[in-house]
Amino acid sequence: MRKTDEQIYEIDARDYLPVFARYKIVLDHGEGVYVYDTQGKKYIDFLGGIAVNVLGHGYPALVNAVASQAKKMIHCSNLYYTQTQADAAAKLAARFGGGKVFFGNSGAEANEGAIKLARKYAHTISKDKSEIICAWHSFHGRTLATLTATGQPKYQEGFGPLPEGFSYVDFGDYDALEKMVSEKTCAVMLETIQGEGGVHVPPKDYFKKVRTLCNKYGALLILDEIQSGMGRTGKFFAYEHFNVKPDIVTLAKGLAGGVPIGAFIATNKVAVAFHAGDHGSTFGGNPLACAAANAVLDAMTPEFLENVEKMGEYFKERLLALQKKLPWFIKEVRGSGLILGMELTKEGRDVVNACLEEGAIINCTAGNVLRFVPPLIVTKSEIDEVMNVLERVLPRFA
Ligand SMILES: *Cc1c(COP(=O)(O)O)cnc(C)c1O
């Protein structure tokens, strides 16, 4: 029997752990960049399941890949080989330029695996080479190690004792990092573009200098591209914009277009630190998730990525034009490709709610940064549609 929205809210309040501050709508289905609630109201979705629905909803090649794999075999464990997993690994390794891939089921697991590999590798050099330097305002996940890597005390409070060996530095500040890195540094772990922290893009020469510093001390560079990777910036990996290559990169969110997956990719040099039994996952890289990942990876052609870049530029221009009209309210527009942030001079939650009312789903992060991470298939006219909503809503709060 179909439940009313009120019944669903009641069940959720009674039976679901209250860890999410949810918006009061019940979503039912989606099509392209649109989602529909149970009342039949249509929303243009510029949050895309938090940077997950890179191909939008109902993308035929993705839907068909998942449906036909589900019929064939959903799961078989990692005790056996599957072509689906081999294909997905080969596609990712090729994009990385060689190396070894490991599949988990989420971003946190991807980072957790990357941290474990980095520690194991560093311990082959020296047993006290274990410090991992992360950035303030970063976000790396919710497991104990990844929330410790997350440089935001609000995520850590109440969960101690936390794993040892993590320290923090301002993101984008090379001089501060230089003072902290030493022979004891196992890894420097950074998002290429900080997402949750408020869409922060570091200075153009930052990662090149960080790479050189890491090389000098034999520290690994781990880049978390769970949000910024998978074509979001118009390049497959966001680090390609900075002409560097990390030792380990982590992916998740958009990797299988909405089917749960996470992955880390390590260079061959680093990957040799892991042997059979050192790491694992029951579900990780199962045929269903890998079939979805294969469909997403196949969709990300050079033309696809070029379009992401073009749409990103167009969207940013439109946001900058709006900033010109409300300079006292809109402090800054920043980002790269289709990960864009608009920093307000006030809290953004009411703006997000008003947009929702007007049929546009956006999000606010770090309190006052409106964040736009739409499906990467978004078109110019869909960007115009969201801009129309923003142009109506923002002046009301300015
Ligand atoms: C979302 C996110 C994570 C965590 O991913 P989960 O799938 O929620 O565990 C880690 N790092 C970054 C940069 C993210 O955006």
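The questions and answers below walk through selected parts of this structure, which is a predicted model.

Residues are numbered from 1 along each chain as its sequence is written. In this predicted model, local features need pLDDT of at least 70, side-chain atom pairs count only at pLDDT 80 or more, and totals for chains, interfaces and linings use all residues, while side-chain values use heavy atoms, with hydrogens and water left out.

Q: How far apart are the end C-alpha atoms of helix α11 (residues 287-299)?
A: Helices (H or I, at least four residues) and strands (E, at least two) are DSSP runs, numbered from the N terminus. The expected span of a helix is 1.5 Å times one less than its number of residues. For the 13 residues of α11 the expected span is therefore 18 Å, and this agrees with the distance in the model between the end C-alpha atoms, 18 Å.

Q: How many of the 13 residues of α11 are buried?
A: A residue is called buried under 20% relative accessible area, exposed over 50%, and partly exposed in between, using a 1.4 Å probe and protein chains only. Among the buried residues of α11 are P287, C290, N294 and A299, and what covers the buried residues includes α3 (60-72), α4 (83-96), β4 (100-104) and α12 (302-325). The helix is mostly covered, and the number of buried residues is twelve.

Q: Which residue has a side-chain oxygen that reaches the backbone nitrogen of L288?
A: A polar contact is a pair of N or O atoms within 3.5 Å; within protein, one must be able to donate a hydrogen and the other to accept it, and residues adjacent in sequence count only if both atoms are side-chain atoms. At the start of α11, the side-chain oxygen comes to within 3.1 Å of that backbone nitrogen, and the residue it belongs to is N286.

Q: Is Q152 buried or exposed?
A: Q152 sits in the loop between α6 (144-149) and α7 (153-156). Contact means heavy atoms within 4.5 Å, and, leaving aside neighbours within four places in sequence, Q152 is in contact with H137, S138 and F139. A polar atom of the side chain of Q152 also lies 2.9 Å from the backbone oxygen of S138. Because its relative accessibility is 12%, Q152 counts as buried.

Q: Which residue of strand β8 (residues 220-224) is the bridge partner of M189?
A: Two strands pair if DSSP finds at least two bridges between them. Strand β7 (residues 185-191) runs parallel to β8, and five bridges join the two. In β8, the partner of M189 is I222.

Q: Which hand does the β-α-β crossover from β7 to β8 have?
A: A crossover is right-handed if, with the strands pointing away from the viewer, the path from the first strand over the helix to the second runs clockwise. Between β7 and β8 the chain passes through helix α9 (residues 206-217), and this crossover is right-handed.

Q: What residue in the turn between β2 and β3 has a positive phi of about 85°?
A: Strand β2 (residues 34-37) and strand β3 (residues 42-45) run antiparallel and are joined by three bridges, with Y36 standing opposite K42 in β3. The two strands form a hairpin with four residues between them, and the turn residue with that phi is G40.

Q: Which residue places a polar side-chain atom 2.7 Å from an oxygen atom of the ligand?
A: The residues surrounding the ligand, each with a heavy atom within 4 Å of it, include S106, G107, A108, H140, D224 and Q227. Polar backbone atoms also approach ligand oxygen atoms, at 2.8 Å for G107 and at 2.7 Å for A108. The residue that does so with its side chain is Q227.

Q: What is the omega of the peptide bond that joins G160 and P161?
A: Most residues other than glycine have a negative phi, and most peptide bonds are trans. P161 lies in the loop between α7 and β6 (166-169). The bond that joins G160 and P161 is cis, with an omega of about -5°.

Q: What is the relative accessibility of M230?
A: M230 lies in the loop between β8 and β9 (248-251), and has a positive phi of about 60° although it is not a glycine. M230 counts as buried because its relative accessibility is 1%.
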